[in-house]
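Please look at the sequence and the model below before reading on. The paragraphs that follow take the ligand site and then the nonpolar cores.

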Amino acid sequence: MPDLRYERVRKVFRARNAEVVALNDVSFVIFEGELFCLLGPSGCGKTTLLRCTAGLERLDGGRIYYGEMDFTAIPPFRRNIGMVFQNYALYPHMSVYENVAYPLRIRKLPRKEIDRRVREIMELVGLPGVLRRNPSELSGGQQQRVALARALVYQPKLLLLDEPLANLDAKLKVYMRTEIRRIQKQARVTTLYVTHDQQEAMAIADRLGVMESGVVRQIGTPDEIYDDPSNEFVAGFIGEMNFFPAKIVSLNGNELVVEVGSARKCKSIRARAEPRGERVTVALRPEHLRISPPTSGEGAFRGRIQVIQFLGKFVRYQVAISGSEALVEVDMPDAVPGLHEGAEAVLDFDSQDMLVFSEGERIA
Ligand SMILES: Nc1ncnc2c1ncn2[C@@H]1O[C@H](COP(=O)(O)OP(=O)(O)O)[C@@H](O)[C@H]1O
Ligand SMILES: [Mg+2]
């Protein structure tokens, strides 16, 4: 069952003479209990969508539904939403206990019930022992747990998180994202989580939406988005990707043959895909390229190794090839004998692993 439904949501900001279309007909659903991540570069409209959901911005078009209810007709304070922002915004003059109790006090719950709920939620976020402290006496990670407790203590229908880990250091970030997922699943609260950090989104989301300039470019599970990006923007934004200019040689039935580097590669074209023109782009993940010494024969590309990095689980080769400014990245499970920095090498790949894009849209 969809819990939250966005239908052609539109938001335009007018600043001086310029118009910014922050949300351009955004449509998707979030299911009950789901942790949905909205991912995209800075300025693509993520915060605006959260603020529209919370009722802090008025829509210029479209609707947001909660179940059967038209959310847009409900004032913000009746929407029963919990929110957490990047800067924790705890009340500095109140104890942790009072911070978390605050939403219950304004809802006029009995004192005993408030006490029970505050203790229960602090248990859930894993911080039962700091109730009497002040926020300033807590670490960044602890403050973020308190902010989460305060957002969840009145059992909201929806939880909105805007870059909640942005102020934490790298190691704590990795730990806290697992914690947020655990807490979200235990609280069983439908959640919209906004971030520009693709690793973070991939690590915690049940499903995610990738945004670019006010438009949702793809929705899917982390797996689907990584393995099967539907356009060049998503392919480049998620994970590491090498892009090569290529040319369509032929299209017979659904057999597409492209010329990439000095090789011809064949792959089935997608249903309903229509190439526009003969120029296309071929994309390959570093783990889908192979590197070998030039003596081993032919490959799609020939180049010179600039850098070899031993990264533990794999070895990364960065290779300069002619006609491409960016270095090509190749990940191999082990170091390849006979290859060193400065050496010439040959790169190749299996045609099944290549992704083909025509004018930015995936065709094979
Ligand atoms: N109050 C505002 N007035 C004018 N422009 C705004 C306002 N809020 C956001 N914008 C613009 O809308 C676009 C989306 O912003 P935002 O939703 O904050 O992006 P994100 O959260 O993805 O970084 C940006 O171009 C931003 O400059
Ligand atoms: Mg933002």
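What follows is a walk from the ligand to the interior of the protein.

This is a predicted model, in which local features need pLDDT of at least 70 and side-chain atom pairs count only at pLDDT 80 or more, while totals for chains, interfaces and linings use all residues. Residues are numbered from 1 along each chain as its sequence is written, and side-chain values use heavy atoms, with hydrogens and water left out.

Around ligand 1 (a heavy atom within 4 Å) are F13, V20, A22, P41, S42, G43, C44, G45, K46, T47 and T48. Helix α1 (46-54; helices are DSSP runs of H or I with at least four residues, strands runs of E with at least two) gives the most to this shell, with 3 residues, and β2 (18-31) also supplies at least two. An oxygen atom of ligand 1 is 2.8 Å from an N or O atom in the side chain of T47, another such distance, to the side chain of T48, is 2.5 Å, and a polar backbone atom of G43 is 2.6 Å from a ligand oxygen. Taken alone, ligand 1 exposes 560 Å², of which the protein buries 61% (Shrake-Rupley method, 1.4 Å probe).

The largest nonpolar core (buried Ala, Val, Leu, Ile, Met, Phe, Trp, Tyr and Cys residues joined through side-chain atoms within 4.5 Å, buried being under 20% relative accessible area) has 46 residues, and V100, V118 and M122 have the most contacts inside it. Helix α4 (residues 140-152) provides the largest share of this core, 6 residues. Apart from this core lies another, of 34 residues, among them L256, V280, I305 and V336.

Conventions. Chains are lettered from A and ligands numbered from 1 in the order in which they are written. A polar contact is a pair of N or O atoms within 3.5 Å; within protein, one must be able to donate a hydrogen and the other to accept it, and residues adjacent in sequence count only if both atoms are side-chain atoms. Buried means under 20% relative accessible area, exposed over 50%, partly exposed in between (1.4 Å probe, protein chains only).
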